[in-house]
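The following exercises concern the fold and contacts of one structure. Each task is followed by a solution worked out in steps.

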Amino acid sequence: MSVRFGIAVFPGTWSDRDCAHAVELAGAEAVQLWHGDRDLKGADVVILPGGFAYGDYLRTGAIARFAPLMAAVREHAALGGLVLGICNGFQILCEAGLLPGALLRNSSLQFRCQPCWLRLEAPAAAFFGQCQPGGLLRLPISHGEGRFYADKETMAQLNGEGRVALRYTDAGGRLTDPANPNGSLEAVAGILSEGRNVLGLMPHPERACEPLLGSSDGLLMFRSLIGQLGSRT
Amino acid sequence: MVSLKGVINDPQGLVVEDALHHLGYPEVVGARVGKFISLELDVEDLASAQLRVDEMCQRLLCNGEIEDYRFDLQPGPG
């Protein structure tokens with residue numbers, strides 16, 4: 001039986017089809033999940049993709065967290081189900097309290113659309129099992145509000161528990177100011193939940209799944225998820 | 001009024017401060033950009049409105065991780 005990815009569609013989501021394409025390339029099945037439904041359609045993994053949910057009025061993700069679908073996503077996550085929030089999906093997960101911290105306006109005040117180097121920081125087999133531990137991934141970002149912030153206590157907890165999944169670095173894996181595209185605190189690009197089953201990241205793995213797009217590193221993440229679920233059954 | 005907490009870098013505020021300096025207002029030593037939200041309520045008295053609006057701020061209008069809020073209430077016509 002193939003692994004099924006449920007891909008959320010909110011009003012304004014635009015990365016859902018890219019995610020479905022990536023999932024299919026990786027060899028799994030993709031189904032769309034409508035924001036007004038509470039049904040996850042038997043999905044093994046839920047993806048909250050990029051875009052602008054409900055126009056991102058008030059704050060990014062502030063309205064989306066009340067969508068009926070999010071109640072089902074919460075239940076799925078509470079039972080240990082895998083959830084991947086990409087870009088706007090990461091913002092929604094933070095607003096929904098499934099991940100700590102918040103994503104603020106980029107320090108440059110510019111919308112940044114560019115390839116980035118990401119250093120794998122934490123062991124998270126479900127999401128990165130097929131990536132080289134401590135290695136670098138080449139993934140693009142595309143956002144205006146991706147500056148990660150968490151208060152001191154939360155940041156210390158994230159570091160202490162090894163829950164910072166990815167940091168922005170230069171091509172040599174070094175943390176430098178120019179390599180941090182949005183001014184994120186401690187160059188954080190992605191974090192894990194306490195149970196390590198929910199990952200939020202600003203870069204777009206679904207847009208780095210074919211050599212023609214400049215990188216296939218994103219495909220490793222989708223294959224890791226499939227590998228993780230395949231080994232459970 | 002919802003604004004970023006004081007400890008959080010506010011790049012919009014820094015740009016506004018810089019622009020005001022260029023316009024000849026060197027006395028500006030700080031600027032923060034926030035959100036102004038206006039609500040109209042149909043309630044009997046201001047005391048109950050106070051509690052309700054405070055709850056609205058905490059549940060939706062303000063993200064307590066990054067923002068502070070304050071509000072005032074004014075009786076409307078009638």
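**Exercise 1. Determine how many helices and strands chain A has, and assess its overall dimensions.**

Solution. In this predicted model, chain A contains six helices and 11 strands. Next, consider the extent: the C-alpha trace of chain A spans about 45 × 40 × 35 Å along its principal axes. A compact globule of 233 residues would have a radius of gyration near 17 Å, and the 16 Å of chain A agrees with this. Finally, 54% of the 233 residues of chain A count as buried. Of the contacts in chain A with a separation of 6 or more, 76% join residues 24 or more positions apart.

**Exercise 2. State the strand order of the open sheet in chain A and identify its edge strands.**

Solution. The order of the nine strands is 2-1-3-4-11-10-9-6-7, with mixed pairing. The edges are strand 2 (29–34) and strand 7 (136–143) of chain A, each of which pairs on one side only. From one strand to the next, the twist averages 25 degrees. As one pairing within chain A, strand 6 (residues 112–120) and strand 9 (residues 164–169) run antiparallel over four bridges. There, W117(A) has T169(A) in strand 9 as its bridge partner.

**Exercise 3. Describe how helix 1 of chain A packs on the sheet, and explain where its buried residues lie around the axis.**

Solution. Helix 1 (residues 16–26) of chain A touches strand 1 (4–9), strand 2 and strand 3 (45–48) of chain A, and its direction makes about 175 degrees with that of strand 1. The buried residues of helix 1 are D16(A), C19(A), A20(A), A22(A), V23(A) and A26(A). These cover an arc of only 160 degrees around the axis, so they lie on the same side of helix 1 of chain A. After helix 1 comes G27(A), with a positive phi near 100 degrees.

**Exercise 4. Is E95(A) buried or exposed, and which residues does E95(A) touch?**

Solution. First, locate the residue: E95(A) belongs to helix 3 (residues 88–95) of chain A. Second, count its surroundings: 25 other C-beta atoms lie within 10 Å, and the threshold for burial is 20 or more, so E95(A) is buried. Third, list the partners: leaving aside residues up to four places away in sequence, E95(A) touches R59(A), G61(A), A62(A), R65(A) and N63(B). For R65(A), 30 residues apart from E95(A) along the chain, the C-alpha separation is 6.5 Å.

**Exercise 5. Give the composition of the contact between chain A and chain B.**

Solution. Chain A contributes 10 residues and chain B nine residues. The side of chain A that touches chain B divides into five nonpolar, two polar and three charged residues.

Conventions
Residues are numbered from 1 along each chain as its sequence is written. Chains are lettered from A and ligands numbered from 1 in the order in which they are written. This is a predicted model: local features need pLDDT of at least 70, side-chain atom pairs count only at pLDDT 80 or more; totals for chains, interfaces and linings use all residues. Two residues are in contact if their C-beta atoms, placed from the backbone, lie within 7 Å. Ala, Val, Leu, Ile, Met, Phe, Trp, Tyr, Cys and Pro count as nonpolar, Asp, Glu, Lys and Arg as charged, and the others, Gly among them, as polar. Two strands pair if DSSP finds at least two bridges between them. Helices (H or I, at least four residues) and strands (E, at least two) are DSSP runs, numbered from the N terminus. Axes are lines fitted to C-alpha atoms, for helices over the stretch in contact, and angles run from 0 to 180 degrees between N-to-C directions. A residue is buried if 20 or more other C-beta atoms lie within 10 Å of its own, exposed if 12 or fewer, and partly exposed in between; C-beta atoms are placed from the backbone. The arc is that of the directions from the helix axis to the C-beta atoms. The radius of gyration is taken over C-alpha atoms; the globule rule is 2.2 Å times the number of residues to the power 0.38.
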